[in-house]
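Here is a short note to read with the structure open beside you. Please take the points in order and find each named residue as you go.

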Amino acid sequence: MSKKDVLGPYIRVNDPNLFVNQVAAEPGGEKVRECIQCGVCSGSCTTSEWWQYQPRRVIAMIRAGMKEEVMTSASTFYCVSCYKCTVRCPRGIKPASLIHAVEAIAEREGYRPRTRTMPLYRSLRNSIKSGRIWELGTFIGYYLRVNPLTAIGALPTAWALFSHGRLKLTPPKKTRGADDVVKIIQKLQSMKTETGGVR
Amino acid sequence: MEKKIGVYVCHCGVNISQTVDVESVAEFAKKLPNVVVAREYKFMCSDPGQEMIKNDIKELGVNRVVVASCSPQMHEPTFRRAVQTAGLNPYFFEMANIREHCSWVTEDRARASEKAKALVSAAVRRVFFHEPLMTREVPVNPNTLIVGGGIAGIQAALEIAESEHKVYLVEREPSIGGHMIQMDKTFPTLDCSACILTPKMTQAGSSPYIELFSYSEVVDVSGYVGNFKVKVRKKPRYVITKDCTGCGECAKVCPVEVPAEFELGMSKRKATYRPFAQAVPGAFVIDKGGKSPCSVACPAGVNAHGYVALISKGKFKEAMEVLRRTMPFAGVCGRVCTHPCESECERGKVDEPIAIRSLKRFMADYELKAGRQKARPVEATKEARVAVVGSGPAGLACAYDLVREGYKVTVFETSSKAGGLMRWAIPEYRLPKEILDNEIAYMQELGVEIKLNTPVKNLSELFNQGYKAIFLGTGAAESVKLGVPGEDIPGVVQALDFLKQSASGSKVGLGDKVVVIGGGNAAVDAARTARRMGVKEVTVVYRRSRAEMPAYPEEVAEMENEGVKIQFLAAPVRINVKDGTLAGIKCIRMELGEADASGRRHPAPVKGSEFDIDCNNVIVAVGQSVNKAALPKELAFTGWGTVVVDQVTLETNIDGVFAGGDVVSGPSDVINGVAAGKEAAVSIDRYLRRADLRKDRANYREMVKDVPKKGVELKARARMPLLPVKERAGSFAQVELGFDEKTAIEEASRCLNCAVCSECLECVKVCERKAIDHEMKEEIIELDVGNIILATGYQLFDPTPMVQYGYGRLDNVLTSLEFERMVNATGPTGGKILLKEGREPKRVGLIHCVGSRDSNYHEYCSRLCCMHSLKFAHLIEERIPGVECFEFYIDMRSAGKGFEEFYNRVLKEGTIFFRGRPGEITNVAERPEEEGKLIVQFEDTLVGRQRRLPVDMVVLSCALEPQKDADAVARMFGISCGPANWFLEKHPKLDPVATMTDGVFVIGCCQGPKDIPDTVAQASAAAARVLALISKGKVAVETAIAVIDEDKCSGCRVCNLMCPYSAISYIEDKKVSRVNEVLCKGCGTCVAACPSCAITQKHFTTQQIEAEIEGVLV
Amino acid sequence: MRYYAYYPGCAMESEGVPIERSLMAVAKILDIQLKELEDWTCCGCPGAPIHELEAVSIAARNLALAEKTGLDLVAPCSCCYRNLKNAHLTVTEDHRIGPKVNEALSAVGLHYGGSVRVRNLIDVFVNDIGLEAIAAKVKVPLTGLAAACWYGCHETRPYGPDDPEFPMWLDQIVETLGATPVNFPLKAQCCGGAQLISQPDVALKLVWKLLDNAADNGAVVMATTLCPLCHSNVDSTQMRVNKRFKTKFEMPVLASTQLMGLAFGLKPGEVGLDKNIVPWEKVLSPYLKVRA
């Protein structure tokens, strides 16, 4: 779908594949249509300076159907989930959740914007399967996904924690809970959750 | 006659027909019993539609009509009129609502149609039983009540007054004018708000047809259109409006300053004030919240607040007058009072109570230092002479009050000097004698006669000498004995005797070591006196622990500073005597057991714990009692040996003899003595005037509630400077040195002015017109009116909860109304736009939609903010050359005549517009240029970047919100509120000023946010509606009223009680109840209540309702 | 004695160690029984951004377990608190997703009825235990200790209960301990912890802002809630911040319970101070001497 089409006058508002409808269907994206573009979210955003398109802009682009632009820009992945936008939004839209909804769609549809945060999320999500997060393991996994050299920067932190007995070298003992988690995840997959499980 | 029903189904354009199959409904109706014709038509309410009905009535002989269309609310009257013009009784008509109830509530065509049919059949069956009813009319009272004196209320009042009809204009505040008078310029024309409003205000104030109730509130409303009864509460203004010339002298002398509401706390006003110069009425008002806690706490009712307030303004002489209105002992009580006032002081809840006692002492000392001029004698206006026995606090206070009442009073004192225990028991270093002498002298100058060295043997003698009443204030100066072996030998002295000797200057021989027994003030005084007499070692022996010690802690502390030892939990068992002289004292250890009656834990001796303290003297201070022997036998005494009196009037068992003070209460303190003396004085005065002694004596002082403490800066209480300990030994110089002027004024300025007005009465002194009446009471006024217009306005949204905008937390963040005052020439800064630090801002940010368009606060748009923010920008640029203004908006809403043009003008003037609702306002700088500024962090949404803009001042355009009591007011006037709590109009388009309650209209912002032009238009509209009713002179009232079948009525009178309009009365002779047709509103309560089903309500008969229900069901 | 179901969260086993130690010690003194939720698992928050429903479902599992205890569920970690609360609200209020969650739970024979009260410990301290009770336990008032009370995000955003813009409860606790909470405008600012690994620049800059503002306002220590992520992020990255921004911050970061423990007269070791990274001995010495 080329930009020209989506931006043309004939947006089919009810087309489920229309980006805005996809987002609306995603948990957290429900209220995307109610935004009045006041900009309080971008005005409050802790990390705006790094975003290419800031939250309000992202919502506008979603409604304009500019899926490619949104998905390929790494903007949303700068969200640190501080929820300032959410508590200040005059329309109760929960922009942070909406941003995550976009990220979820990106993940599901295989978009791979240039950001290390996405792989981090994936490593983290993946490590949930073992019941409890083992940070060292998770992060090693992450650094292997991305460029391992970047780990060097983090070494001081790691060392500081380790030398104070705050970084576990061995994974936590596997609990029965771990199996439950896996079962739950499988169940969700069997529930056709490819749209966040809400359509 | 045969009943022929015609049914008419309306399409309402497509409103109904799109979801209801009107044709089939009509077809269905045809088949219903007694229906002779059924039609459907596009607009039944149109003329052709109505003609259709009329024709059928004429040609087909239709005599019952059913119209299935919209809500009866809309068109019932229309169709009733049509039916009537065709010659039928208008009540032979019934309406089925198939729009609001069918087509508008579902898209399901089938089910909508089904329901429509059910409703039609119900109507058809009902109308069959309809009976002809006659509409009744009642006269309309031509007077009108208008609630709220803002621009809306004023406008409406003037319009109606123009027609020479009476208007009652009720305003809660001291002046009319509302919010408009607070504003500076008005958009878009920029004419000065005051300039265009004040003429109307004065007109309203002077019009013979407008009766103004300012500072008043409506408290009750009853009745119905044309005939309302209204109760108005007139709050006491304490200034007689008609006499006050508004000269303002009272405010000049008023010592009390509080934040000015009209200036939103940005400046101060006096307790006696006028909200603003052009106020209408121009009379001042005194802000009084009851009595201050300190004054209430004082047993003698001394107005502490009064003199503290005056001291804070340096008016020490006047302060003294305030005290002397109640009692003469400023210097004495200023030193030795137990100050219950300070324990009640509200300031104590913030940091520390005001040092009231020390302030009292200060003003007394100040007067003495300055040299007191002789008091002018009070002329004896009353014949009767009064004898006062005993010259202690009680006696003197009693004499003082009576003399000022104009009685001749003689005080009889046994000893050589007046003052009682004030003189003999309180040592020089706490209460110098000249202080006491001065205050007694003052009383003598007033005319109190004091006979010294004259014991009173018996009372009848006094009566014989011609005294008409007697007050006994002989105190309780008899020392209680220790009751241990050996206490009669020389060397053991009673504290009182000891103190008295030292007070009278006679030498007292004491050894090096002295033991004082007791834990009361007498003990402490004795111990400290002994030290001053050079005794090396003084030990106080007290049987309980420090916690239970009755003496004042501060005194105990000083005593210890002066080197006195205390033996707690020890009691004497015997005085050790060696060859006839005192050789010491044997004591025993005590331990505390259960709490006794006095709430103090009772001490018990510990076996075998005796120990000796060797000493040369023992001073006994274990309590005092009444010396019964010295009192007339014929008096009645209690088991404690105190005199029995009536608790309220202080009468003894002997006629004309009153008693009070220690002689009644047992050992107490000065202030309670004074209190008793004053009460007795009241009784004696009444007794001599043959007036009722009891009438409203009991607690007449009501205390002010919840004193505002917000934003009070902490400030420690002034400390009393003390004489250095080393200088005290062997000297009787005062220990407490007293405040200097500066300290006194500062300390007094800490007062929170709990009751606002301090009742210092300075204002009364200066008011030449005698227009001030501090005793004014509130009034309830009853009004009869035919119509009511509500114009109660709005209140401004308080942005404090939106913490991210920093209001109340960061300086120079203002609300729109605060800014209005600031730019106003009459405002706190005289129209200068200034920052807290006093300079002009270089950059100002104006933030729109604060609290509006925000589901966290108010969903609605407040309509004004865009425009007045534009106005602000214009004014700022006009006043401050080179200033930069920034508007932060979401959407510019300049829909109004000349509004868009004004927007354009401000754009041209160079104001910068950013489209974006700011995220936050902070003072945390991230770049050098942000240092010391307010930084507005926002997204410039049209560029799509977050930006930080440093400014000096931020103005928050706050939402308009309903008055906080909107609910209560709505309930009182029988109208309802919409979702956002604005008053609900009858119809948003077709009837915007009327309400569902006939005769009650809503105008201005109480109905919803709107600007001045719209408000004025509404006001005039409402006036027109009211005048229409007035000129018509009568209104049709409910026909569907209740009637009682007197044959069935059992006379149980349940209905009489039930009826909310008290329209049902009981006919004694017939033993039945009867409905007053004029009063009945047809609510039906009585119908349901009647146990014998004797009551039916016209047009809602059981038969009709059952038929209707049947129709719905089949 | 008050009882709570206790959800430690994964971080408590690693960077949270000092906090958990102090929490347990303080809980004992305040008569709080923390019953660790049996067989708890990750709250699911790590995957939330890319699969909300999954995160919620996994959190809901823990809620279902907690529901059986009938106790309030307390989570020291702010992220856990937010995610658990979020799950609770989703199940109880979101009629679109709620049912799906329980459908997923059915796979492990669990069901969440929506009756659990998810709480954070600051809330418990202030509103259940009460400041008076805390004051009553203070043996060594931390008089004169200027602390910047920092709440992070999820402690109050978006679900409160304290004010999400300008919370005060931690300040009240710190004040109760005798210390002086400094005016700290950034008290509810984000530290960017979420991106410390993937986008260090973001995290480091945010931490720098926090430290800078705290120091500007005269704070000598930073007081945190009980969140191990907040705590460790500011504690463990200070030298990196200093390196990058040419600063010399050495501001000890103490969890609220560590401060409470000290004020209650516990030894540094008993509140896990030995595991704090930024040296604290100098700043805290006056309050430690008292014990000796």
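The points below treat the nonpolar cores, one helix, and the contact of two chains.

1. Please keep in mind throughout that this is a predicted model.

2. The largest nonpolar core holds 97 residues, and those with the most contacts inside it are B:Tyr307, B:Ile311, B:Phe329, B:Leu462 and B:Ile684. Helix α24 of chain B, which runs over residues 670-688, gives the most to this core, with 9 residues. Apart from this core lies another, of 63 residues, which includes A:Met191, C:Ala66, C:Phe184 and C:Phe249.

3. What does B:Phe329 touch, once its neighbours within four places in sequence are left aside? Its contacts are B:Leu323, B:Gly334, B:Pro393, B:Leu396, B:Met422, B:Glu439, B:Met443 and B:Val674.

4. Helix α28 of chain B (residues 865-879) has 15 residues, and because each should add 1.5 Å, the expected span is 21 Å, which agrees with the 21 Å between its end C-alpha atoms. This helix, α28(B), is mostly covered, since 13 of its 15 residues are buried.

5. Chain B and chain C bury about 610 Å² between them, of which carbon and sulfur atoms give 60%. On the side of chain B, the residues that lose the most area to chain C are B:Val803, B:Val924 and B:Glu926, which together make up 57% of what that side buries. The contact takes 7 residues from chain B and 8 residues from chain C.

6. Which side chains meet in a salt bridge? They are those of B:Glu926 and C:Lys209, at 2.9 Å from N to O, and the rule finds 1 salt bridge across the interface of chain B and chain C.

Note on methods: Residues are numbered from 1 along each chain as its sequence is written. Chains are lettered from A and ligands numbered from 1 in the order in which they are written. This is a predicted model: local features need pLDDT of at least 70, side-chain atom pairs count only at pLDDT 80 or more; totals for chains, interfaces and linings use all residues. Side-chain values use heavy atoms; hydrogens and water are left out. A nonpolar core is a set of buried Ala, Val, Leu, Ile, Met, Phe, Trp, Tyr and Cys residues joined through side-chain atoms within 4.5 Å. Buried means under 20% relative accessible area, exposed over 50%, partly exposed in between (1.4 Å probe, protein chains only). Helices (H or I, at least four residues) and strands (E, at least two) are DSSP runs, numbered from the N terminus. Contact means heavy atoms within 4.5 Å. The expected span of a helix is 1.5 Å times one less than its number of residues. Buried area is the accessible area (1.4 Å probe) that two parts lose on being put together, summed over both. A salt bridge is a side-chain nitrogen of Lys or Arg within 4 Å of a carboxyl oxygen of Asp or Glu.
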